[in-house]
Amino acid sequence: FISTSAIVMTAPTPGTAFSKADAAPTFQWETYTGTSSYSLVLAHVGAVGFDKIIQEDNLTLNLLPMDNAAWQTMPSGTWYWTVLGYDGSGTMMPTDFTIFDFTVDSSK
């Protein structure tokens with residue numbers, strides 16, 4: 001899953017544990033030369049695979065603060081996330097991607 005030419009995530013760091021009692025996280029990544037828009041994809045691990053997927057498309061900044069309403073509805077457990085970049089014509093660039101993980105704890 002990890003590629004050296006993929007977009008680099010700067011927050012949250014891989015393996016971070018969040019509590020729903022805390023403020024909603026902000027996702028951030030480094031810009032990639034030639035990229036004009038991004039898609040952020042979050043996927044929750046359920047009993048038989050991914051049971052909830054959140055996708056934010058057409059992001060022009062390398063920053064996405066999650067709103068509190070979305071944060072409070074996110075199931076606890078393990079989440080995986082990645083950012084995909086696209087050039088002006090909609091072609092994915094870089095063509096590789098990196099998957100990161102974090103956990104959500106609703107008991108704190």
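Which residue in strand 3 is the bridge partner of Ala-11? I looked this up in the model, which is a predicted one, and found that Ala-11 has Gln-28 as its bridge partner in strand 3.

**Entry: the open sheet**

I then followed the pairing outwards and noted that strand 1 and strand 3, the latter covering residues 26-29, run antiparallel to each other and are joined over 2 bridges. They belong to an open sheet of 3 strands, which I read in the order 1-3-6 with antiparallel pairing. Strand 1 (9-11) and strand 6 (63-65) are the edges of this sheet, and because each has a single partner strand, one side of each is left without a neighbour in the sheet. For the twist I wrote down an average of 20° from one strand to the next.

**Entry: aromatic pairs**

I next turned to the rings and recorded 8 aromatic pairs in the structure. One of them joins Phe-18 and Phe-102 in an edge-to-face arrangement, with 5.7 Å from centre to centre and 80° between the planes. Phe-18 sits in strand 2 (residues 16-19) and Phe-102 in strand 8 (residues 100-105), so this pair ties together parts that are 84 residues apart in sequence. I checked the accessibility of both partners: since buried means under 20% relative accessible area, Phe-18 counts as buried at 15%, and Phe-102 counts as buried at 1%.

How are the rings of Trp-79 and Phe-102 arranged? Their centres are 6.4 Å apart and their planes stand at 10°, so I entered the pair as stacked. This pair, too, links distant parts of the chain, as Trp-79 lies in strand 7 (residues 77-86) and Phe-102 in strand 8, 23 residues apart. Trp-79 is buried, as is Phe-102. Following the ring pairs further, I arrived at a cluster made up of Phe-18, Phe-27, Trp-71, Trp-79, Trp-81, Phe-100 and Phe-102.

**Entry: the nonpolar core**

I looked up the largest nonpolar core and found that it has 21 residues, and that Phe-27, Trp-29, Leu-42, Trp-81, Val-83 and Phe-102 are the ones with the most contacts inside it. At least two residues of this core come from each of strand 3, strand 4 (37-45), strand 5 (50-59), strand 7 and strand 8. As background I noted that in soluble globular proteins nonpolar side chains tend to be buried together.

Which residues is Leu-42 in contact with, leaving aside its neighbours within four places in sequence? My list for Leu-42 reads Phe-27, Lys-52, Ile-53, Ile-54, Met-66, Trp-79, Tyr-80, Trp-81 and Phe-102.

Notes. Residues numbered from 1 in each chain as written. Predicted model: local features only at pLDDT ≥ 70, side-chain atom pairs only at ≥ 80, totals over all residues. Heavy atoms only, no water. Pairing = 2+ DSSP bridges. Helix = DSSP H or I, 4+ residues; strand = E, 2+ residues; numbered from the N terminus. Axes fitted to C-alpha atoms, helices over the stretch in contact; angles between N-to-C directions. Phe/Tyr/Trp six-rings, centres within 6.5 Å; stacked < 30°, edge-to-face > 60°. Buried < 20%, exposed > 50% of the residue type's maximum accessible area, 1.4 Å probe, protein only. Core = buried A, V, L, I, M, F, W, Y, C linked by side-chain atoms within 4.5 Å. Contact = heavy atoms within 4.5 Å.
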